[in-house]
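Trainee: I want to test the labels we put on residues. Please hold each one up against its definition.

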Amino acid sequence: MAKKKFDKEGSSANDAQMKMRQKLEAMFTHSPIQGEELMFNLGLYTRSSLLVKFLVMHELYRRIKDIPGALMEFGVWWGQNLVLLENLRAIHEPFNKQRQIVGFDTFTGYTNFSGKDKKSGALSDGTYATPKDYKAYLEDLLELHESLNILGHATGNHTLVKGDLEKTAPKYFKDNPETIVALAYFDIGLYKPTKAALLAIKPHLVPGSVILFDELTWKGAPGEAIAFKELFKDTRYSIEKCEYYPSKSIVTIKS
Ligand SMILES: C[S@@+](CC[C@H](N)C(=O)[O-])C[C@H]1O[C@@H](n2cnc3c(N)ncnc32)[C@H](O)[C@@H]1O
């Protein structure tokens, strides 16, 4: 089972804040609200640090809405961003059933560190592993969300690819050469898998395609920026930080 990401080492919260988080978690676990009503009132327990992630996904969707092509996440973990993308698709373009959503992960956690990476409590072999069969669970969940949305009878627009990106990313694009990448969300942070995935998506980007980097300026994961700068030095792009989440960087490909 996964080592926890949000342990004390990986968080900037102090002891008092950690205690308040634990209290919120306890209030959620023992909520007087149950079942469907609880699911419909999750905002009661949603901290600003999570809400802002939803806002980022919305901002990204608005940017790529008019670009054809797939929405991809490299480093899925539990898959929350993929579910958000499916539901944002339903809100922004309910009749677009050609919008493929593709997620890549080992589902067994971090692997393939190189000399350009740094290991830490949160980033080491096997951190972020999900339970056995979690990929199948997430596939069911994505299909369920798709079914609940408009044109829900036409499912099958999601793909989860399991394995080390250094192998899976080139293979995916070899097998699916028609792919256009509208959005690529990078949240691995390691040099070799990030470089392999960037190399794989590069021929499939078009003007307006967006690449989101989660860790580009974080000293704890230098491999992401190194891979990006090596591969995109001759590409025209703009880069800015996310308005609400300054540690995330948005790259937009130019013509
Ligand atoms: C920080 S987590 C992703 C979090 C997720 N994007 C989110 O916002 O909830 C990083 C993920 O990268 C995956 N990962 C690490 N090394 C990998 C590799 N070499 N190939 C594929 N996935 C990898 C891990 O299993 C982990 O789920």
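Mentor: Start with a cut-off. Buried means under 20% relative accessible area, exposed means over 50%, and partly exposed is in between. Keep in mind that this is a predicted model.

Trainee: Why is Val-102 called buried?

Mentor: Its relative accessibility is 0%. The limit for buried is under 20%. Val-102 therefore counts as buried. Val-102 sits in strand S2.

Trainee: What does Val-102 touch, leaving out residues up to four places away in sequence?

Mentor: Leu-71, Met-72, Glu-73, Leu-82, Thr-159, Val-161 and Tyr-172. Contact here means heavy atoms within 4.5 Å.

Trainee: Why is Asp-133 called exposed?

Mentor: Asp-133 has a relative accessible area of 55%. Exposed begins over 50%, so Asp-133 is exposed. Asp-133 belongs to the loop between S2 and helix H5 (134-148). From Val-102 to Asp-133 the C-alpha distance is 18 Å, with their positions 31 residues apart in sequence.

Trainee: What makes the phi of Asp-133 worth a note?

Mentor: Phi is near 75°, a positive value, and the residue is not glycine. Trp-77 is another case: its phi is near 55°, again positive in a residue other than glycine. Trp-77 lies in the loop between S1 and helix H4 (80-92).

Trainee: Why is Trp-77 called partly exposed?

Mentor: The value for Trp-77 is 23%. Buried needs under 20%, and exposed needs over 50%. Trp-77 meets neither limit, so it counts as partly exposed.

Trainee: And why does Lys-162 count as partly exposed?

Mentor: Lys-162 has 48% relative accessibility. Exposed asks for over 50%, so Lys-162 stays partly exposed. Lys-162 is in strand S3 (residues 158-162).

Trainee: How do you know that Lys-162 and Thr-106 make a polar contact?

Mentor: A polar atom of the Lys-162 side chain lies 3.4 Å from the backbone oxygen of Thr-106. The cut-off for N or O pairs is within 3.5 Å. Lys-162 also touches Asp-105, Phe-107, Thr-108, Lys-135 and Thr-168. To Leu-144, 18 residues away along the chain, the C-alpha separation is 20 Å.

Trainee: Why is Ser-31 called buried?

Mentor: Its relative accessibility is 4%, and buried means under 20%. Ser-31 therefore counts as buried. Ser-31 lies in the loop between helix H1 (15-29) and helix H2 (35-39).

Trainee: Which polar partners does the side chain of Ser-31 have?

Mentor: The side chain of Ser-31 reaches the backbone nitrogen of Ile-33 at 3.0 Å. A 2.8 Å polar contact joins it to the side chain of Tyr-45. Ser-31 also touches Leu-38.

Trainee: What makes a group of residues a nonpolar core?

Mentor: They must be buried, of the listed nonpolar types, and joined through side-chain atoms within 4.5 Å. The largest such core here has 36 residues. Met-72, Phe-74, Phe-186, Leu-198, Ile-201 and Ile-211 have the most contacts inside it. Elements that each supply at least two of its residues include strand S1 (70-74), helix H6 (165-175) and strand S4 (181-186). In soluble globular proteins, nonpolar side chains tend to be buried together.

Trainee: What does Phe-74 touch, leaving out residues up to four places away in sequence?

Mentor: Among its contacts are Phe-104, Leu-165, Ala-184, Phe-186, Ala-197 and Ile-201. A second, separate core has 26 residues, including Leu-60, Tyr-61, Val-76 and Cys-242.

Trainee: Which elements do the buried residues of H8 pack against?

Mentor: S4, H7, S5, strand S6 (237-241) and S7. The buried residues of H8 include Ala-225, Phe-228, Leu-231 and Phe-232.

Trainee: How many residues surround the ligand?

Mentor: 18, and the closest are Glu-73, Gly-75, Asp-105, Asp-164 and Asp-187. The shell divides into seven nonpolar, seven polar and four charged.

Trainee: How do you know that Gly-75 makes a polar contact with the ligand?

Mentor: A polar backbone atom of Gly-75 is 2.7 Å from a ligand nitrogen, and the cut-off is within 3.5 Å. Backbone N or O atoms of Thr-111, at 3.1 Å, and of Thr-106, at 3.4 Å, also lie within that limit of a ligand nitrogen. The protein covers 95% of the 600 Å² of accessible area that the ligand has on its own.

Technical notes. Residues are numbered from 1 along each chain as its sequence is written. This is a predicted model: local features need pLDDT of at least 70, side-chain atom pairs count only at pLDDT 80 or more; totals for chains, interfaces and linings use all residues. Side-chain values use heavy atoms; hydrogens and water are left out. A residue is near a molecule or strand if one of its heavy atoms lies within 4 Å of it. A polar contact is a pair of N or O atoms within 3.5 Å; within protein, one must be able to donate a hydrogen and the other to accept it, and residues adjacent in sequence count only if both atoms are side-chain atoms. Accessible areas come from the Shrake-Rupley method with a 1.4 Å probe; for residues, only the protein chains shown count as cover. Ala, Val, Leu, Ile, Met, Phe, Trp, Tyr, Cys and Pro count as nonpolar, Asp, Glu, Lys and Arg as charged, and the others, Gly among them, as polar. Buried means under 20% relative accessible area, exposed over 50%, partly exposed in between (1.4 Å probe, protein chains only). Helices (H or I, at least four residues) and strands (E, at least two) are DSSP runs, numbered from the N terminus.
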